[in-house]
Amino acid sequence: MEQLQSITASSPGITILSRYEKQQEMAGYLLTSRIIAAGLSTVFLLIGIMNFINTMVVSVNTRKHEFATLESIGMTKKQIRNVLLWEGGYYWSISFLLLATLGTAIYIPIYSAFRKMVPYAAFHYPVFSLLVVAAIVLLVCLATPVITFMQNVKQSVVERLRQN
């Protein structure tokens, strides 16, 4: 290839394009697109997690009087934590279900469009990435309401009932 290029370098009207060079060029484009997609996915994941944390903190804080009332009539802190864990689990299951269904429904047409531009592209469903994201989101969904509740119960039940 180098010999052919050196021969044709002196001839201004002749250019040689090999499959190997095209494949190397496309590999660079694919790497760039993967980096951009991973960056955007990370940003969207962080935005979603921060939105969830904000929603759960506000939800638990607005219900702290309700939790104090339930505790005053006999519900234990452990039972309230279990309720909040179940609530976080429900949020996670809804999020994961939407991610697995709607995310896949979006992912496949994007791949199909990309396949038309790059016919030799291979489809690989990101199972490992999906499981990693699911684990991170599950951890956040279970920990956020419990941590927020634990921050709120530092006062006695009577003090929490007096607050509005």
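The largest pocket in this predicted model holds about 1,900 Å³ of space. Its lining is made up of 43 residues. If you want to find the middle of the largest pocket on the screen, look for Ala37, Ala38, Ser41, Tyr107 and Pro126, which are the lining residues nearest its centre.

Which helices supply at least two residues each to that lining? They are helix 2, running 19-62, helix 4, running 77-117, and helix 5, running 127-152. Helix 2 gives the most, with 18 residues.

As for the character of the lining, 31 of its residues are nonpolar, 11 are polar and 1 is charged.

Now two single residues, starting with Thr148. Thr148 sits in helix 5. Is Thr148 buried or exposed? Its relative accessibility is 9%, and residues under 20% are called buried, so Thr148 counts as buried. Setting aside residues up to four places away in sequence, Thr148 touches Val57, Val60 and Asn61. Those three fall within the 19-62 range of helix 2, so you can pick out a place where helix 5 meets helix 2 by contact, since contact means heavy atoms within 4.5 Å.

The second residue is Met26, which belongs to helix 2. Once neighbours within four places in sequence are left aside, Met26 is in contact with Val118 and Tyr120. For a sense of distance along the chain, take Met26 and Asn51, which are 25 residues apart. Their C-alpha atoms are separated by 37 Å.

That covers the pocket, Thr148 and Met26.

Note on methods
Residues numbered from 1 in each chain as written. Predicted model: local features only at pLDDT ≥ 70, side-chain atom pairs only at ≥ 80, totals over all residues. Heavy atoms only, no water. 1 Å grid on protein atoms, 1.4 Å probe; cavity = no way out; pocket = protein on both sides within 12 Å on 5 of 7 lines; lining within 4 Å. Points joined across faces, edges and corners; volume = space filled by probe spheres on them. Helix = DSSP H or I, 4+ residues; strand = E, 2+ residues; numbered from the N terminus. Nonpolar A, V, L, I, M, F, W, Y, C, P; charged D, E, K, R; others polar. Buried < 20%, exposed > 50% of the residue type's maximum accessible area, 1.4 Å probe, protein only.
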